[in-house]
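Trainee: Could we go through the aromatic pairs and one of the pockets? I'd like to see how each label gets earned.

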Amino acid sequence: MTHTVGTSRLYVQYTRCEYNETTVISPDLELRHLRYFVAVAEELHFGRAAARLGIAQPPLSQQIKRIERLLDVELFRRTRRHVELTDVGVLLLGEARDLLAHASRVGEAIRHAAAGNAGTVRLGFVGSATHEVLPMLLRRFREDSPDARVVPSELATTEQVAAISAGTLDAGLVRMPIASTEVATHALMEEPLVIVLPDFHPLAHRRRLPLAALAGEAFVMWGRQLNPLFHDEVISACLEAGFSPNVTQEAGEMPTIVSLVSAGLGVSLVPASMERQRTSGVVYVPLQGPGVRIAIALAWRRDQPSPLVQHLVRVARATWPARR
């Protein structure tokens, strides 16, 4: 059996195997006609069916006759005191109920998707977002839209921005700042950078350290290509502190940087939330003075995002209101 449901017209084809015949319901038959038929078939009384539908009885009788003319069949046997379904009417009743139920589900699914409550979001994220921002955003979004599906991908900020611009990613959790006129952002969380040292380092016991204390140290840093603007901010902060960092090792993500520091390959600056990773062999020391802060933001394409992405943005804004 095949069903094709349009917005206003209906076409149904079914095969009666015992006779190897094919009967086609007229393409002029509309869903409202089936609702009229089902009401009469269930009530077996034109007056009660008309009251149920909220229309007068004469127009309802006319519509049933129209359906019978369109199909060239008799659906009801009528007397003055009795209405009953014919065999063809019984068959149509089952089909009509199925089609009306299917049409209702289609309409509900479309309304659900249009409201941003269903579908799939391809969401990128930087590694440091996994400690707080990503779990909270996913939890709040799933509470609000349980039928939505999120496909997460860990990517560097520049990779996310390029993918969002190209349309292969719907949104992303990126490190600010970014340089793109095509991508909009909403800051979710801002935190300071802290110094991460091997636990055997001579400065590991200090409660706070000025950035200048790292002059001459070997640095483990993320590559500039991963987030040029933020990379340059950190380099500028070091220059203001009176030294140019000696970068001897580069890594793609913060957890890798911390692991390399633990191995004794150098020192680094990482978001304060990295302390939650509890990597053995390292010590985190806050910076003395204003230091450098890093923000994680939700990013999405400015022009015509999907209703689901718009809904994700609303959830993010409600969870992390804009700072004044």
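**Pocket lining and ring pairs**

Mentor: Sure. Start with the lining of the second largest pocket: its residues divide into three nonpolar, six polar and four charged. Keep in mind that this is a predicted model.

Trainee: Which residues lie nearest the centre of the second largest pocket?

Mentor: Phe-46, Gln-57, Arg-78, Thr-79 and Val-83, out of 13 lining residues. Two elements give two or more residues to that lining, helix H2 (46-53) and helix H3 (57-71). The largest share, three residues, comes from H3.

Trainee: On to the rings. How many aromatic pairs does a search of the whole structure find?

Mentor: Four. One of them is Phe-219 with Phe-243, at 6.2 Å centre to centre and 35 degrees between the planes.

Trainee: Why is the pair of Phe-219 and Phe-243 called tilted?

Mentor: The 6.2 Å is within the 6.5 Å limit, so the rings pair, and 35 degrees is neither under 30 nor over 60, so the label is tilted.

Trainee: What does that pair tie together?

Mentor: Phe-219 lies in strand E10 and Phe-243 in the loop between helix H7 and strand E11, so the pair ties together parts that are 24 residues apart in sequence.

Trainee: And what makes Trp-222 and Phe-230 stacked?

Mentor: Their planes are 10 degrees apart, and under 30 counts as stacked; the centres, at 5.3 Å, are within 6.5 Å.

Trainee: Is Trp-222 buried or exposed?

Mentor: Buried: its relative accessibility is 4%, and the cut-off is under 20%. Phe-230, at 1%, counts as buried too.

Note on methods: Residues are numbered from 1 along each chain as its sequence is written. This is a predicted model: local features need pLDDT of at least 70, side-chain atom pairs count only at pLDDT 80 or more; totals for chains, interfaces and linings use all residues. Side-chain values use heavy atoms; hydrogens and water are left out. On a 1 Å grid over the protein atoms alone, a cavity is a set of points where a 1.4 Å probe fits but cannot get out, and a pocket is an open set with protein on both sides within 12 Å along at least five of seven lines; lining residues have an atom within 4 Å of a point. Helices (H or I, at least four residues) and strands (E, at least two) are DSSP runs, numbered from the N terminus. Ala, Val, Leu, Ile, Met, Phe, Trp, Tyr, Cys and Pro count as nonpolar, Asp, Glu, Lys and Arg as charged, and the others, Gly among them, as polar. Rings of Phe, Tyr and Trp (its six-membered ring) pair if their centres lie within 6.5 Å; planes under 30 degrees apart count as stacked, over 60 as edge-to-face and the rest as tilted. Buried means under 20% relative accessible area, exposed over 50%, partly exposed in between (1.4 Å probe, protein chains only).
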